[in-house]
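Dear colleague,

Please find below the structure for your consideration. I should be grateful if you would read the notes beneath alongside the coordinates.

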Amino acid sequence: MHLTARDPETILAEVFGHAVFRGQQGDVVRHVTDGGDAVVLFPTGAGKSLCYQVPALCRPGVAIIISPLIALMRDQVEALKQAGVPAAMLNSSLNADEARIVRDDLREDRLKLLYVAPERLVTAGFQQMLQDAHISLFAIDEAHCVSQWGHDFRPEYRELSGIAANFPGVPRMALTATADPATRADIIDRLGLQNATVFASSFDRPNISYTMVQRQKGREQLLDFLSTRRGESGIVYCLSRKKVEEAATWLNGQGVRALPYHAGMDAGARSRNQDAFIKEDGVVMTATVAFGMGIDKPDVRFVAHLDMPGSIEAYYQETGRAGRDGDPAAAWMCYAMSDVVLRRRMIDDGAAPEEVKRVERSKLNALLNICETTTCRRQAILSWFGEAHPGNCGNCDNCLTPADTWDATDAVIKAMSAIYRTGERFGMMHVVDVLTGKATEKVERLGHDKLAV
Ligand code: ADP
Ligand code: ZN
């Protein structure tokens, strides 16, 4: 491999084996290689890694990649090493000797890419080492972690704001697949990227179809969904470890090869199941949200949710693991008002400060809105991410089979929703007044005439 080659196209072909840049990748790469700062907002699977890996090899010095995901670091470092690129990582999974070797390599200018966990980066010792090193660029991956508006806030990301002042003139880039307008503004503000060029590609994943159904008998509905998908690889997300185990057992009983994955299993069993999912065909992984971060399997044909996730961001990130190869894939969810009540209770009982809880509640309500909408789901989801879509996508349940508004289940959903949204503390008469839009004194006083129901 030619580490002397400074031209992005040559690096792309010779090191990564790709003929052309995808979408705006080439623009980002050239901008950063020339020393510019960048905010990169691409959906999952768009190829964000190359946006920093290629400039890292085009520019002199070592690139510092900040990532909270140890599994992703390990995969990327392994892949880079196999391609002949001197890359390493520093995080809690290394023992003292391994960490010392990495630090020596950094000191001796032997690395082109160094992946670092954020809590490592901000330590005084490491900052000093960086001051002595020759740094080509900083890439902050999963940049939404800096924002309380993001679904995955990590306080140590806040410390990264110091990079701009401590390393003037070194290009900085922030990358994320999750950026509603509030999170986006927060990333730019918190990381001091006001002068960075923003590269945003459409978040639409046209090859993924969206279906959301009201849960009656969740497993039967899932089996129905799977009936046309025998032999395909997919993920079934459940809220609890117990449900993950039960769903796997039940699916196997129904002739579907399913394996469980959750943080309560021992590491050996977990990685065995993960390997089987990645290497074998037609394995269904029943999992908690612990599964999926940094897993690069292009032919996941479906992602199903047996329980409602906590936000549109979480839903979109999880369903985004389907169809990375661009072939048709399905996102299917069954939800119930009881999920909302449960999630709401989890938020209320959680340890987060009140302002964070408020954000979480509004995110939950926003997802409920999308579950309940009778118009194009793709349009509703993209609108949440600040992106206009004309609707009628032709690839979501509402576009394919428009809701029959006289169906009684719909009325029941609305009634349940009205009960929930009025705070589950009013009698039937008041809820009926809210639903029928009657302008009673009580309805107006409580602002219940402003509810979407
Ligand atoms: P993201 O981080 O945006 O989710 P990745 O960087 O993991 O996406 O890339 C997703 C997949 O797309 C990977 O398998 C990667 O090899 C592939 N890929 C990225 N860029 C290109 C390209 N220019 N040509 C072909 N494949 C690409
Ligand atoms: Zn649609």
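The notes that follow concern salt bridges, one buried arginine and one helix pair.

Please bear in mind that this is a predicted model.

The count of salt bridges comes to 21. Within helix α5 (residues 96-107), D97 and R100 are 3 residues apart, about one helical turn; they form a salt bridge whose closest N and O atoms are 3.0 Å apart. D97 is partly exposed, at 47% relative accessibility, and R100 is likewise partly exposed, at 43%.

A salt bridge also joins E246 and R219, with 3.7 Å between the closest N and O atoms. Since E246 belongs to helix α11 (residues 241-253) and R219 to helix α10 (residues 218-226), this pair ties together parts 27 residues apart in sequence.

E313 pairs with K363 at 2.8 Å between the closest N and O atoms. This salt bridge connects helix α13 (residues 312-319) with helix α15 (residues 354-372), its partners being 50 residues apart, and both E313 and K363 are buried. In addition, R215, K243, D307 and D339 are joined into one network by salt bridges that share partners.

R343, in helix α14 (residues 337-349), is buried but has no salt bridge; E318, the nearest side chain of opposite charge, lies 6.7 Å away. Among the residues R343 touches are L239, M308 and L364.

Finally, the axes of helix α1 (residues 8-16) and helix α3 (residues 49-58) cross at roughly 105°, and α1 and α3 are therefore roughly perpendicular. Their contact includes I11 and F16 of α1 and V54 and L57 of α3. By class, this contact has 9 nonpolar residues, 1 polar and no charged ones.

Yours sincerely

How values were computed:
Residues numbered from 1 in each chain as written. Chains lettered and ligands numbered in written order. Predicted model: local features only at pLDDT ≥ 70, side-chain atom pairs only at ≥ 80, totals over all residues. Heavy atoms only, no water. Helix = DSSP H or I, 4+ residues; strand = E, 2+ residues; numbered from the N terminus. Buried < 20%, exposed > 50% of the residue type's maximum accessible area, 1.4 Å probe, protein only. Lys, Arg positive; Asp, Glu negative; His and termini not counted. Salt bridge = Lys/Arg side-chain N within 4 Å of Asp/Glu carboxyl O. Contact = heavy atoms within 4.5 Å. Axes fitted to C-alpha atoms, helices over the stretch in contact; angles between N-to-C directions. Parallel < 35°, antiparallel > 145°, perpendicular 65-115°, else oblique. Nonpolar A, V, L, I, M, F, W, Y, C, P; charged D, E, K, R; others polar. Lists of a residue's contacts leave out its neighbours within four places in sequence.
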